[in-house]
Amino acid sequence: KDAQKAAGRYGEYSHCYLLNKILWGKSKRLKLNHRRLKFRFVGSQHTNVPDGVREESFPDLWDAHPRAYLRLLSAAKLLEVQAFAARAVALRHPEILKQATIDELLGMLAQSHPQTVGLAAEELETRYDPDDPDLGTLDRLLRDERERIQKIAHAWLERPAEKLPGHRVL
């Protein structure tokens with residue numbers, strides 16, 4: 001809802017001071033207009049995030065406390081924030097997904113950012129053991145209102161049946 005129409009070198013979130021300071025505070029692509037407290041691109045060719053460049057403020061703190069990325073992945077609504085956190089987890093902190101709670105993973109599955117959903121689905125898949133299923137987790141997935149999450153649970157339910165001779169999935 002905070003997005004505004006991009007105009008010239010000002011992007012749709014140029015007026016969101018804190019967002020810019022956190023996600024792009026070390027960016028060479030953006031410059032603060034101190035009079036208007038708005039961030040603008042230094043040039044039209046600088047609108048995309050460059051590969052291999054860290055633009056966020058305090059990257060050492062993010063790396064020291066990577067669980068913060070799980071909070072963003074599970075609850076942030078802004079696609080730019082999802083992209084930031086998903087990129088960081090995929091490139092620098094994939095092990096942090098092992099620490100994610102079921103609530104965090106379900107929150108990630110509910111996001112609209114495809115990489116976030118993929119990270120959560122992969123982690124849930126590694127946790128599922130058809131020979132010794134976690135019935136509590138399975139129950140939570142089945143009771144969830146979201147179709148995407150229910151599909152995962154149904155796929156898990158069908159998996160053990162495939163091992164039985166003469167199985168039939170109804």
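**A walk through the predicted chain**

Start with the whole protein chain and switch on its surface: the accessible area comes to about 10,900 Å², and carbon and sulfur atoms hold 54% of it. Keep in mind that this is a predicted model.

Now swap the surface for a cartoon. You should find eight helices and two strands, running α-β-β-α-α-α-α-α-α-α from the N terminus. The radius of gyration is 20 Å, well over the 15 Å that the globule rule gives for 170 residues, so the chain is more spread out than a compact globule. Turn the C-alpha trace along its principal axes and it spans about 70 × 35 × 25 Å. Of the 170 residues, 38% count as buried.

Next, colour the charged side chains. There are 28 positive and 24 negative ones, and the centres of the two sets sit 12 Å apart.

Zoom in on serine 27, in the loop between α1 (17-24) and β1 (30-33). Is serine 27 buried or exposed? Its relative accessible area is 10%, under the 20% cut-off, so serine 27 is buried. Show side chains here and pick out glutamate 55: a polar contact of 2.7 Å joins its side chain to that of serine 27.

Last stop: select leucine 119 in helix α6 (residues 114-127). This residue counts as buried too, at 11% relative accessibility. Which residues does leucine 119 touch, leaving out those up to four places away in sequence? Look for Ala86, Val89, Leu97 and Met108. To finish, draw a distance from leucine 119 to aspartate 63, 56 residues apart along the chain: their C-alpha atoms are separated by 18 Å.

Key
Residues numbered from 1 in each chain as written. Predicted model: local features only at pLDDT ≥ 70, side-chain atom pairs only at ≥ 80, totals over all residues. Heavy atoms only, no water. Helix = DSSP H or I, 4+ residues; strand = E, 2+ residues; numbered from the N terminus. Buried < 20%, exposed > 50% of the residue type's maximum accessible area, 1.4 Å probe, protein only. Polar contact = N/O pair within 3.5 Å; in protein donor to acceptor, adjacent residues only side chain to side chain. Contact = heavy atoms within 4.5 Å. Rg over C-alpha atoms; globule rule 2.2 N^0.38 Å. Areas by Shrake-Rupley, 256 points an atom, 1.4 Å probe, with all protein chains shown as cover. Lys, Arg positive; Asp, Glu negative; His and termini not counted. Charge placed at Lys NZ, Arg CZ, Asp CG, Glu CD.
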